[in-house]
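Here are some exercises to work through with the model open beside you. Try each task on your own before reading its solution.

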Amino acid sequence: MDIFSSERFSCCNNEQIVIAILIPYYAVIIYWFWDWQMMLPFKLITAFLHEFSHAIATWLTGGNVLEMEITVTAGGATKSKGGIGWIILPAGYLGSALWGMMMVIASVDDLATFAFASAFVLSLIIACVRFRRNVPLRLVCIFYIIVIVGMGATQFYTSFNGLQFFILFTGVMNGFFAIYDCIEDLVMSGVEESSSDAAVCGKLMGVSGRCIGVAWAFISLLLMSSGVLIALFITQ
C-alpha cells in the first residue's frame, strides 16, 4: 500500500500552510540577520547545542567530557578523553541538525512541545551544573531556562502559542546552522589544512575532510527535510 496515498496523506490544511510558510520565512530571516547583534542569543544556544551534542556522543561511547565552553562570540569547544572519535566528531553538526529536526516535529503539537521543552530544560540544567565554570555557558543556560519556562507558562495559561513558535524558530536555526556551516566551513574553505571536526574525522577515516563535510551537509539536509515532512504529515 502506498504510504503517500490520499487516504494517508492530505494537503493542505491551515496548519500545514502555516508550517510551509514559517520554515522558509524563518530561514530567510536567520540568513539575512545572521550578523546582527539581536541574533546573538540564538547563535549562543545554537553553539551550545553543537557542543552539547559532542558531549552526549562522548558519554554514549564511554568517554569522559573534561570541559565544555562557549564564547560570547558564539564559538565553542568541547574537550574530551576516550570515546569513539568517528562518532564524537560528526556529533556537533549532525547533532545540531537532529536537534533541529526534533524541534520542528515537536512544534506542531502542544503536548509534544511541552515534552520537548521539558527535555530541553533538563539538558540546560545538566550543562549548567556540569560545566558551571564557563560563565557564558552558564548564563546562556540560565537565560534560556527562564525563557522556556516563561513561554511555557504563558502558553499553558493563555491562548498564545509562543513556546511553539520559539521551538520552531530555534529548530530552523539549528538545522540551518548545520547545513550552512558544513558547506561554508567544511566544503568551501581549506578544510584539509584546518583542525576542524571534518579534517580530523577525515584523517581518522582515511578520506578527504572535504568529502566528510559534503557527507555531513547532505545528512543534515536529509534530517531537516525529514523533520519538515513528518511535521506536515502529523498536521494533516
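Helices (H or I, at least four residues) and strands (E, at least two) are DSSP runs, numbered from the N terminus, and two strands pair if DSSP finds at least two bridges between them. Residues are numbered from 1 along each chain as its sequence is written, and side-chain values use heavy atoms, with hydrogens and water left out. The model is predicted: local features need pLDDT of at least 70 and side-chain atom pairs count only at pLDDT 80 or more, while totals for chains, interfaces and linings use all residues.

**Exercise 1.** Find the sense in which strand 1 and strand 2 pair, and the residue with a positive phi in their hairpin.

Step 1: strand 1 (residues 64-70) runs antiparallel to strand 2 (residues 76-81), with six bridges between them.
Step 2: opposite M68 you will find T78 of strand 2.
Step 3: five residues lie between the strands of this hairpin, and A74 has a positive phi near 70 degrees.

**Exercise 2.** Describe the largest nonpolar core (buried Ala, Val, Leu, Ile, Met, Phe, Trp, Tyr and Cys residues joined through side-chain atoms within 4.5 Å). Buried means under 20% relative accessible area, exposed over 50%, partly exposed in between (1.4 Å probe, protein chains only).

Step 1: this core has 30 residues, and F48, F120, L124, L137 and I148 have the most contacts inside it.
Step 2: elements giving it two or more residues include helix 2 (40-60), helix 5 (110-130) and helix 6 (135-157).
Step 3: a separate second core has 18 residues, among them I23, Y26, F169 and F176.
Step 4: with contact meaning heavy atoms within 4.5 Å, L124 touches I45, F48, C141, Y144, I145 and I148, leaving aside neighbours within four places in sequence.

**Exercise 3.** Count the disulfides (pairs of cysteine sulfur atoms within 2.5 Å).

Step 1: searching the whole structure gives zero.
Step 2: for C141, the nearest cysteine sulfur belongs to C128, 5.1 Å away.
Step 3: C141 counts as buried because its relative accessibility is 0%.
Step 4: why is C211 unbonded to C201? The sulfur of C201 is the closest to that of C211, but at 12 Å it is too far for a bond.

**Exercise 4.** Place S96 and decide whether this residue is buried or exposed.

Step 1: S96 belongs to helix 4.
Step 2: S96 is buried, because its relative accessibility is 0%.
Step 3: beyond neighbours within four places in sequence, the contacts of S96 include T46, H50, N174 and F177.
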